[in-house]
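Trainee: I am new to this structure and would like a close look at a single part. Could you choose one ring and follow its surroundings outward, explaining the terms as you go?

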Amino acid sequence: MDLFRFFAIIKYFFMSVAIYPGTFDPVTNGHLDVLERASKIFSQVIVAVSADNSDKKTAFDCNARVKLLLENINEYKNVQVDSFHGLLVDYAKDRGASVVVRGLRAVSDFEYEFQMAQMNRHLDSELETIFLMPNEKYFYTSSSLIKQVHLFGNRETKLVPDNVSIALRKLSLENQNREGA
């Protein structure tokens, strides 16, 4: 690769708007680690909280998930949080994004993420997907596991920000009160 092409690619990414989509139910330190990495690469990163991902039953409604994220991004001047409905490719086009950021923790994530990236590329050939790996201490962290441990085990993990830990504890107490009533 010649030097001109190399710098053109670098400029493309540094001047690009990236979308970091997910349900973020709840946001974990692994999510925030990937977000920090993305914020150093792209000129703007939009954390796009899926409001209607029909595959997942969420513990927190969309507004709560957005709020929990907003409380953790103050240090990032080039990061916004928004919610979206419908297809990611349509949302990305509406927001002027040319890149989708996805976190890969382990090999088990790859097949699903690869399928999603291929479908997005099929629907919009201009939309690129970039995979970022979080710090190794978050490789086996998932929002589903976090919810199980916090909601049913009532334990601290240090794998979520403090505001999320408090929200999970509150949700756990509400669930216990409902079951006990």
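Mentor: Let us begin with tyrosine 91, which counts as buried because its relative accessibility is 8%, buried meaning under 20% relative accessible area, exposed over 50% and partly exposed in between, with a 1.4 Å probe and protein chains only. Please keep in mind that this is a predicted model, in which local features need pLDDT of at least 70 and side-chain atom pairs count only at pLDDT 80 or more, while totals for chains, interfaces and linings use all residues. Residues are numbered from 1 along each chain as its sequence is written, and side-chain values use heavy atoms, with hydrogens and water left out.

The ring of tyrosine 91 has a partner in phenylalanine 84: the two ring centres lie 5.0 Å apart and the planes meet at 25°, so this pair is stacked. Rings of Phe, Tyr and Trp (its six-membered ring) pair if their centres lie within 6.5 Å, and planes under 30 degrees apart count as stacked, over 60 as edge-to-face and the rest as tilted. Phenylalanine 84 counts as buried too, because its relative accessibility is 6%. The structure holds 4 aromatic pairs, and elsewhere ring pairs link Phe110, Phe114 and Phe131 into a cluster.

From the ring of phenylalanine 84 we can pass to its backbone, since residue 84 belongs to strand E3 (residues 79-84); strands (E, at least two residues) and helices (H or I, at least four) are DSSP runs, numbered from the N terminus. Strand E3 runs parallel to strand E2, and 6 bridges join them, where two strands pair if DSSP finds at least two bridges between them. One of the contacts to look for is valine 79 of E3, the bridge partner of valine 45.

Strand E2 itself covers residues 44-50, and because 6 of its 7 residues are buried, E2 is largely enclosed by the rest of the structure. Besides its pairing with E3, strand E2 also runs parallel to E1, again with 6 bridges joining the two. Alanine 18 stands opposite valine 45 in E2, and that valine 45 also has valine 79 in E3 as a bridge partner. If you read outward from valine 45, then, you meet alanine 18 and valine 79. From E3 the route leads back to phenylalanine 84 and its stacked partner, tyrosine 91.
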